[in-house]
Every structure is written in C-alpha cells, then in structure tokens.
Amino acid sequence: MAERIPQVVHQTYFTKHLPEEIQQNLNALQKTNPDWEFRLYDDVDIEHYIQQHYPTLTHTFQKINPAYGVAKADLFRYLVIYNEGGVYLDIKSSVEKPLNEIIQPDDYYLLSHWQNTPGQLPQGIGFHRCITHPRGEFQQWHVIARRGHPFLKAVIENVCHNIH
C-alpha cells in the first residue's frame, strides 16, 4: 500500500465538454484545492485506462450494458483509486472545506454513511432490505484511499463477480 493518499482528484464524465454548471463546480473545487492535481476521464479515457492497467478486466468491463454508464463509472472509480490512490469525486460533487483539512497524513481510507438519522436530511436515504447496518449503505459518490488498499481490492473482486 502507498505511504499516503496522493493529492489527486479523479472525476468522470462521458465527454470532456462539460456543461457550464458542472464546469463552474469543477472550477470552485480547484480553487478550494489549488495544490491538488485534477484528472477528468471521459468514456474513451476510461476504456483506454482499463485496457492499459487492467487488461484482464477489459472483457468484464465491456459486459456492463452501455445503457448503465453509471455502473461503468462505479467500477472505474474503484479501479483508478486502487491503482493510483487519491480522491474520486462524482462530477457534481464538491467539498465544504479544502481536502487537506479533511484528509490526514495517516489516513488509509475514508468511508462515510449518509446523514440519514431521524431529523437529518435526507432522512432515510441509503436504507434497503438487504442492508443490515443501522446507518444504511456507505456513500460512494466519493472514494478516498491510498493506492493498493485491500478493501478496494475486495470491492473490485465482488463487483467483477457480480458482473459475471
């Protein structure tokens, strides 16, 4: 596993031509985190990345129905953070304070639940019959980890198993 979480933000969108609202969000995120590198991957970049870094998973990735682009982005976020480490943020997501104030040098993996307890908004989100944890599902709009974290390896193996 890497020594620390690298200062790289990975994001995806189906094209490099971002709508104005999303571009403004990205600009604000970069302004809040000026010492971080930002990488935007479009669908072509994602296919190339998987072919280059995970050639044995290319067929698995291509088995995902193109109508479910979000599912492809989900698998990619796990792969890129496992391979390189850093921060994956959904393209419409942002942070309230700089990432350097959130991520500590000794952090290995940051994992969060939804704020969904009674009285919090959005109350009840992330609860499904198959999820038994009292706080519901974990968030995945962000994935923050050191390169090579074993939890992500297990997630990747589980997702690939489910695809097959």
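## Fold

Helices here are DSSP runs of H or I with at least four residues, and strands are runs of E with at least two, both numbered from the N terminus. By that definition, this predicted model has 6 helices and 5 strands in its chain. Along the sequence they come in the pattern β-α-β-α-α-α-β-α-β-β-α.

Contacts between residues at least 6 apart in sequence show how the chain is joined up: 75% of them link residues at least 24 apart.

## Burial and surface

The chain has 164 residues, and 40% of them count as buried, where buried means under 20% relative accessible area.

The exposed area of the chain is about 9,900 Å². Carbon and sulfur atoms account for 53% of that area.

## Second largest pocket

The volume of the second largest pocket is about 430 Å³. Its lining consists of 17 residues, and those nearest the centre are F14, D43, G69, V70 and A73. Two elements, α2 (43-53) and α4 (69-84), give two or more residues each to this lining. The largest share is that of α4, with 5 residues.

By residue class, the lining of the second largest pocket holds 9 nonpolar, 2 polar and 6 charged residues. Gly counts as polar in this division, while Phe, Val and Ala count as nonpolar and Asp as charged. The residues nearest the centre of the pocket therefore include nonpolar F14, V70 and A73, charged D43 and polar G69.

Definitions and conventions:
Residues are numbered from 1 along each chain as its sequence is written. This is a predicted model: local features need pLDDT of at least 70, side-chain atom pairs count only at pLDDT 80 or more; totals for chains, interfaces and linings use all residues. Side-chain values use heavy atoms; hydrogens and water are left out. Buried means under 20% relative accessible area, exposed over 50%, partly exposed in between (1.4 Å probe, protein chains only). Contact means heavy atoms within 4.5 Å. Accessible areas come from the Shrake-Rupley method with a 1.4 Å probe; for residues, only the protein chains shown count as cover. On a 1 Å grid over the protein atoms alone, a cavity is a set of points where a 1.4 Å probe fits but cannot get out, and a pocket is an open set with protein on both sides within 12 Å along at least five of seven lines; lining residues have an atom within 4 Å of a point. Grid points are joined across faces, edges and corners, and a volume is the space filled by probe spheres set on the points.
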